[in-house]
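Student: I should like a close look at a single strand and its surroundings. Please describe how its side chains are placed, what pairs with it, and which charged contacts lie around it.

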Amino acid sequence: MARVLPRPRTPLAAVHRWYEEELGWPATGTEPVELLTGLRFDVLEMPAGAGSAVLRRLPHTGPVALLRAGCDGNHPGDRPKLLMLIAAGGAEELPGILEWLEWGALVPDLTARGTGDRMPAPSFPTGAAPSYGFGSREAARWVRPPRPGYEAENSLPTTGLGAGNGDDGDAPDLVRLVSAAATECHRARLMRAGNAQSDRAWGDQPLAFSNASRMSAGTRPRSLTL
């Protein structure tokens, strides 16, 4: 009788197993693998250029992934996005935080994924696990990778008691993260409009005027005081 050998692990099984067993993050069993948001974490999403500026300003943010242009339902001409993991429930808080910071609808590029949503599962962080050839076609990759056994719920950006700067076990402050993200998204949008001499390519919503003029009018964003 011929000996039956076990089937080799597929890239799908390897990446699914790593996220569910090493990190405890619910993941789909489909191809490509996706991570379910709203359970262990939510996601703050913004253009990659603005997100890179945020990372330079804030060394403690929790895990961050880069979403490739034209992936995850985006059009081929769309810009790459940065996905910042935040505490579960943060997506629901985002509109209220933006209102409190007096940004309102001025930063349409800053969005969130929460309950019922999902994000592409990035390729393994370097050295975290064998790739099994998996890595050339993922929609996302880690910029600040998660650390198994460390990235628990209380280590992700959140609001309220326990939020700090990320040192000594404190979770980073979600309000400060949103403040920095909104500022950088708005700055990038102003620069795009200035380079094009028009904001028509980005919709009919008018841009806010400069921070200097807003200060003179008494409407300086609260975020700039944090």
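Tutor: In strand β4, Lys81, Leu83 and Leu85 point one way, Leu82, Met84 and Ile86 point the other way, and all are buried (under 20% relative accessible area; exposed is over 50% and partly exposed in between, with a 1.4 Å probe and protein chains only). In a regular strand the side chains alternate between the two faces of the sheet. Because 6 of the 6 residues of β4 are buried, the strand is largely enclosed by the rest of the structure. Strands here are DSSP runs of E of at least two residues, and helices are runs of H or I of at least four, both numbered from the N terminus.

The model is predicted: local features need pLDDT of at least 70, side-chain atom pairs count only at pLDDT 80 or more, and totals for chains, interfaces and linings use all residues. Residues are numbered from 1 along each chain as its sequence is written, and side-chain values use heavy atoms, with hydrogens and water left out.

Strand β4 belongs to an open sheet of 5 strands in the order β5-β2-β4-β3-β7, with antiparallel pairing; two strands pair if DSSP finds at least two bridges between them. The edge strands, β5 (111-113) and β7 (140-144), each pair on one side only. From one strand to the next, the twist averages 30 degrees. Strands of a sheet pair through backbone hydrogen bonds, either parallel or antiparallel.

On one side, β4 pairs with β2 in the antiparallel sense over 6 bridges, and Pro47 stands opposite Lys81. With β3, β4 shares 4 bridges, again antiparallel; there, Lys81 is the bridge partner of Leu67. Strand β2 (residues 42-47) is in turn joined to β5 by 3 bridges, and these two run antiparallel. Val43 has Arg113 of β5 as its bridge partner.

Helices also cover these strands. Helix α3 (residues 90-100) packs on the sheet and touches β2, β4 and β5, its direction making about 160 degrees with that of β5. Helix α2 (residues 48-57) lies across β2, β3 (64-67), β4 (81-86) and β7, running at about 50 degrees to β4. Contact means heavy atoms within 4.5 Å; axes are lines fitted to C-alpha atoms, for helices over the stretch in contact, and angles run from 0 to 180 degrees between N-to-C directions.

Turning to charge, a salt bridge is a side-chain nitrogen of Lys or Arg within 4 Å of a carboxyl oxygen of Asp or Glu, and by this rule the count comes to 8. Side chains of opposite charge can pair when their charged atoms come close. Arg57 of helix α2 forms a salt bridge with Glu184 (3.0 Å, N to O). This pair links distant parts of the chain, since Glu184 lies in helix α4 (residues 174-196), 127 residues from Arg57. Glu184 is buried at 9% relative accessibility, whereas Arg57 is partly exposed at 45%. Glu184 also meets Arg187 in a salt bridge (2.9 Å, N to O); these two are 3 residues apart in helix α4 and therefore separated by about one helical turn. Arg187 is partly exposed, at 40% relative accessibility. Back at the strand, Lys81 is joined with Glu45 and Arg113 into one network by salt bridges that share partners.
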